[in-house]
Amino acid sequence: MPSKPRVIYWFRTDLRLHDSPALKAALDLKPECLYPVWCWDPHYVYRARVGPNRWQFLKINKKSKLFVVREAPQTVLPKLFKAWKISHLVFEKDTDAYARDRDESINKEAKAAGVEVIMKMGRTLYDPDELVKRNHGKPTMSISQVEKAAEKLEVAKPVPTPESLPDPGDTNIDFEPTQPSPDPDFNDIQRHAPDKSYHKLSGPNGDFAPPTMSELGLKEATSQHRGGESVALKNLEKIIFDADYTATFSKPQTAPTAFNPQSTTLLSPHHHFGSLSVRLFYWRIMEVLEKYPKNKQSTIPTNLIGQLLFRDMYFAAQATLGYSFAQTVGNSHCRFVPWHLPSKIDPANNLITASYHIDSEEAEIWFQRWKWGKTGFPWIDAVMRQLRTEGWIHHLARHAVACFLTRGGCYISWERGAEVFEEWLVDHEVSCNSGNWQWLSCTAFYAQYYRCYSPIAFPKKTDPNGDYVRHYVPELQKLPAKYIYEPWKAPIQDQKKAGCLVKGEDVGEEGGSRVYPKPMFDFNERREICIEAMKNAYHVGLYGDNKKVLDGTWKELFSDSAEGPTEGKKEEGMNGADSDIGEHADDGEGEEKKKKGGQQSPSKQTAQKRKGQGTLDGHVNGGKGKKRKT
DNA sequence: CCGGCGGTTGACATT
DNA sequence: GAATGTCAACCGCCG
């Protein structure tokens, strides 16, 4: 081993120079040379473009840069250890299920190569494992649990931004690249041309440049949102400068219909990529709160601090439950509801695969119409179109479309919706996304399934004129406000005058007029059906780790009906009063409840590589002014 | 064992 | 127009 440390600083979810405890640890080694490395990991979904690798490094050291190595970290890092005579590997801790597997494998390789590994927590306010420990080893399922667990912990103060960086050493690569398997291709959905990014380890010009969109076979970005540390810090300053906004922020009071500008901070993509430290954000908020009149401040959980705590809550819940947290099957804390379009399960490991069962043609049609913003409900369609083209939607808009797809409309598995969000959201985190979908589908975290978001009444509260809809569903632009959320009610004369006919099941054009579809169902009718079905599913009381869920015998506990095998539409006796099924259900409930109340056995599922739960961690921020996101 | 209460963010009617 | 109450009734926690 060389006398002076030769260090790889492996970037993952900490794409910043400010407040990076891992980077600080790397520099504290006083290394002879430092290689800032990004490994192009085929496990991740890439929607964002990696900007030119000039980046902040150049400001500090012109010889340094981000080395983007186009190979999975598990295979390439061991080779780099040798080629670059590395003594230390430093990276940020990541408690995502896949990340834990990956890092375990990297740790082993490093040990074998005599490379010392240093791992530092930097992604969340608190170390998720520490929160879990202080929550008695159980997943954090409410904010009060998080607060209690964090009572004696302190949010770390930001570490200073380095003022100098050591040069990297030689960058010769004298080994053969390992091509990733083309199957599964996590980016398949987004690709329109073959992936050429892996052809040469250091990129086509040998300069370790990040792949371009065209190399990746991805279309150019349509989003106006920009990545990068400098953008993140600038946006943070804008928020902190407005003390009233920062101190009185209350999530439920923010308008999901607001755009340009939006009503929330839009810092979540930066937290996702790591271009903004959550702890810096936390302490900057705290500074404002200290000076602001206490009685005028908003409070946890609706204030800005509360938003960060929710993020930590989901991270810690996932840290406990691992892969099972992102699905129903095997998830000890997620209620089983016999949704339409359930995921196919890999029997080898009980993990969801990328495909699902089409148990109902109608549900599949509803799902596609939801995904592509053609449900015939303008509010839902506007949100889904904003999501698809811009990659970010307001938190309450997420609520509305998630409720609509699951318990408040389509009765389709939340896993279908979570996958769509994973494809399209620029701020996607496995833990927050899975957790919020469970919340909204009332399968975990939240239980008041009779509270449904109306696609008509809800947006009306903050946007009676429908400006948001007019922007994202331009075919309805000229429709009178009276009909903007219910265009099917507009008289034909008004439709003609507005240049938009409301008919059929698709958007299109007809005789110089635009066509917007009729609603795909009667919302109030569907709402009733769903609530009844949810009531029944709660009554049956199965959780994802129940044997019956795994072996399919759950079907015996649910009554059939004309509407679908499991929606409980037909009979009133579903809540156990007058049928055999009801009796079973009663027994089932008692049993399951007792089990829940007692000691939870943690999911025994072994952590195996999975093929269905890609994450978006792999995105790298674009450089300034560069387009990112599909 | 019971009841009360809180739970980030519902809809609708009434004041 | 904002604030409050009612609707029907979920879970988990606390006393």
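In this predicted model, 19 residues of the protein gather around DNA strand B, and those that come nearest are Pro-252, His-395, His-399, Ser-454 and Ala-457. Of the strand B atoms that come within 4 Å of the protein, sugar and phosphate make up 37%. Three helices each bring at least two residues to the surface near this strand: α12 (304–321), α15 (395–405) and α18 (457–462). Sorted by character, the residues of that surface come out as 10 nonpolar, 6 polar and 3 charged.

A few atom pairs show how the protein and strand B meet. Pro-301 uses its backbone here, with an N or O atom 3.4 Å from a base oxygen of DNA strand B. With Gln-448, the side chain does the job, placing an N or O atom 3.2 Å from a base nitrogen of the strand. Ser-454, one of the residues that come nearest, has a backbone N or O atom 2.5 Å from a phosphate oxygen of DNA strand B.

Next comes the other strand. DNA strand C has 11 residues around it, and Lys-148, Arg-335, Ala-447, Gln-448 and Lys-535 come nearest. Here sugar and phosphate account for 67% of the strand C atoms that come within 4 Å of the protein. Two lysines reach for the phosphates: a polar side-chain atom of Lys-148 sits 3.4 Å from a phosphate oxygen of DNA strand C, and a polar side-chain atom of Lys-535 sits 3.3 Å from a phosphate oxygen of that strand. Helices α6 (143–149) and α21 (523–540) each supply at least two residues of the surface near strand C. That surface splits into 5 nonpolar, 2 polar and 4 charged residues.

Now for the protein as a whole. Chain A is built with 23 helices and 10 strands. It has 630 residues, and 59% of them count as buried. Taking contacts in chain A between residues at least 6 apart in sequence, 76% join residues at least 24 apart.

Helix α13 (residues 361–371) gives a view of the packing. Its buried residues are Ala-363, Glu-364, Trp-366, Phe-367, Arg-369, Trp-370 and Lys-371. Together, the buried residues of α13 pack against strand β7 (351–356) and against helices α14 (378–390), α15, α16 (414–424), α17 (430–440) and α21. Two of these partners have already turned up beside the DNA: α15 at the surface near strand B and α21 at the surface near strand C. After α13 comes Gly-373, with a positive phi near 70 degrees.

Charged side chains come next. Side chains of opposite charge can pair when their charged atoms come close, and the structure holds 32 salt bridges. In one of them, Asp-19 pairs with Arg-279, with the closest N and O atoms 3.1 Å apart. Asp-19 belongs to the loop between β1 and α1, while Arg-279 belongs to helix α11 (residues 278–291), so this pair ties together parts that are 260 residues apart in sequence. Both partners are tucked away: Asp-19 counts as buried at 2% relative accessibility, and Arg-279 is buried with a relative accessible area of 1%.

Other pairs have their own settings. Asp-185 and Arg-191 form a salt bridge whose closest N and O atoms are 2.8 Å apart. Asp-185 counts as partly exposed, at 29% relative accessibility, whereas Arg-191 is buried, with a relative accessible area of 17%. Lys-489 and Glu-486 also meet in a salt bridge, at 2.8 Å from N to O, and Glu-486 counts as buried at 14% relative accessibility. Salt bridges can join up too: Arg-12, Asp-94, Asp-96, Arg-102, Asp-103, Arg-123, Arg-311 and Glu-429 are linked in a network of them.

Asp-14 is a charged residue with another story. It is found in the loop between β1 (6–10) and α1 (21–28). Asp-14 is buried but has no salt bridge, and the nearest side chain of opposite charge, that of Arg-12, is 5.6 Å away. A salt bridge would need a nitrogen and a carboxyl oxygen within 4 Å. The side chain of Asp-14 does reach the backbone nitrogen of Arg-12, at 2.9 Å. Leaving aside neighbours within four places in sequence, Asp-14 is in contact with Tyr-9, Ser-20, Ala-22, Glu-92, Phe-273 and Gly-274.

Notes:
Residues numbered from 1 in each chain as written. Chains lettered and ligands numbered in written order. Predicted model: local features only at pLDDT ≥ 70, side-chain atom pairs only at ≥ 80, totals over all residues. Heavy atoms only, no water. Helix = DSSP H or I, 4+ residues; strand = E, 2+ residues; numbered from the N terminus. Buried < 20%, exposed > 50% of the residue type's maximum accessible area, 1.4 Å probe, protein only. Lys, Arg positive; Asp, Glu negative; His and termini not counted. Polar contact = N/O pair within 3.5 Å; in protein donor to acceptor, adjacent residues only side chain to side chain. Contact = heavy atoms within 4.5 Å. Near = heavy atom within 4 Å. Nonpolar A, V, L, I, M, F, W, Y, C, P; charged D, E, K, R; others polar.
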